[in-house]
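Here are a few exercises to work through with the model open in your viewer. Try each one before you read its solution.

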Amino acid sequence: MSRIGLKPIEIPAGVEIKFTDGLVEVKGPKGNLSQEVGSGFKVNIEEGQLSVERPSESKNDRSLHGLYRTLIQNMVIGVTEGYSKQLEIVGTGYRAQKQGNKLNLSLGFSHPLVLEDPEGITTEVPSERVIIIKGIDKQLVGDYTAKIRAYRRPEPYKGKGVKYSGEHIRRKVGKTGK
């Protein structure tokens, strides 16, 4: 029994949701998002609440029930509030700069990395050591953040690299002298 799938989603004011032929479209003040829902699943919208019904009690349908409900919930939050993730850069000479819609990263390579912001994503660099990634699609924000972090993951000896804000790096003890 899916506990998450059975919970209704509150629809805030200013958000429109349409469900046609297995496609859920959410329109809000920050933008529009759409998501396909598996065949047979029904989305009921009534009295400011949205609920997802599964077609049968099969194992596959039960496993997807909570997933679809959560994806729709993430779209509603995205078009009203948006999502943001923050990265911190640690290391001597490591820095980030914003040039138009391009992010210029100096991460200890022989050349700077220049990344263009994907559509629907904005980046901010309030200081050389902090990058803030914002957008309405939770999955895109997470993917782009992970892509930036993958260029120079934090290493366990000195902690140098790109890490999520608030991430704890397990440190290792270095070599000991004789």
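**Exercise 1.** Decide whether Asn74 is buried or exposed, and find what it touches beyond its neighbours in sequence.

*Solution.* This is a predicted model, so everything here is read from predicted coordinates. Start with the location: Asn74 is part of helix 2, which covers residues 59–80. Next, take its relative accessible area, which is 18%. Buried means under 20%, so Asn74 counts as buried. Last, skip the neighbours within four places in sequence, and you're left with contacts to Tyr83 and Lys138.

**Exercise 2.** Work out which residues of helix 3 are buried and where they sit around the axis.

*Solution.* First, check the helix itself. Helix 3 runs over residues 138–151, 14 residues in total, and spans 21 Å from first C-alpha to last, close to the 20 Å expected. At its start, a side-chain oxygen of Asp137 comes within 3.2 Å of the backbone nitrogen of Gln139.

Now pick out the buried residues: Val141, Tyr144, Thr145, Ile148 and Arg149. They take up an arc of only 135° around the axis, so they lie on the same side of helix 3. The spacing rule helps here: an α-helix has 3.6 residues a turn, so residues three or four places apart point the same way.

Finally, ask what that side meets. The buried residues pack against several strands, among them strand 7 (83–90), strand 9 (102–106) and strand 12 (130–135).

**Exercise 3.** Take Leu103 and find which residues it contacts outside its own stretch of sequence.

*Solution.* Leu103 belongs to strand 9. Its relative accessible area is 0%, so it's buried. Leaving out neighbours within four places, its contacts include Gln97, Val114, Thr123 and Ile131. Two more, Tyr144 and Ile148, are also in contact with Leu103, and both are among the buried residues of helix 3. Leu113 is on the contact list too: Leu103 and Leu113 are ten residues apart in sequence, with their C-alphas 7.9 Å apart.

**Exercise 4.** Search the whole structure for aromatic pairs, then describe the geometry of what you find.

*Solution.* The search turns up one pair. Phe41 and Tyr68 make it, with 5.0 Å between centres and 75° between the planes. Planes over 60 degrees apart count as edge-to-face, so that's the label here. Then place the partners: Phe41 is in the loop between strand 4 (31–36) and strand 5 (42–46), while Tyr68 is in helix 2, 27 residues apart in the chain. Both are buried, Phe41 at 5% relative accessible area and Tyr68 at 11%.

Rings can have charged company too. Lys85 lies over the face of Tyr164, 5.5 Å from the ring centre. The charged end of Arg152 sits over the ring of Phe109, at 4.5 Å from its centre.

**Exercise 5.** What is the sign of phi at Asp21 and at Glu47, and are these residues buried or exposed?

*Solution.* Begin with the background: most residues other than glycine have a negative phi. Asp21 is not a glycine, yet its phi is positive, about 50°. Glu47 isn't a glycine either, and its phi is about 55°.

Next, locate them. Asp21 is in the loop between strand 2 (16–20) and strand 3 (23–28). Glu47 is in the loop between strand 5 and strand 6 (49–53). Finish with accessibility: Asp21 is exposed at 83%, and Glu47 is exposed at 81%.

How values were computed:
Residues numbered from 1 in each chain as written. Predicted model: local features only at pLDDT ≥ 70, side-chain atom pairs only at ≥ 80, totals over all residues. Heavy atoms only, no water. Helix = DSSP H or I, 4+ residues; strand = E, 2+ residues; numbered from the N terminus. Expected span 1.5 Å × (residues − 1). Buried < 20%, exposed > 50% of the residue type's maximum accessible area, 1.4 Å probe, protein only. Arc of directions from axis to C-beta. Contact = heavy atoms within 4.5 Å. Polar contact = N/O pair within 3.5 Å; in protein donor to acceptor, adjacent residues only side chain to side chain. Phe/Tyr/Trp six-rings, centres within 6.5 Å; stacked < 30°, edge-to-face > 60°. Lys NZ or Arg CZ within 6 Å of the ring centre and 35° of its normal.
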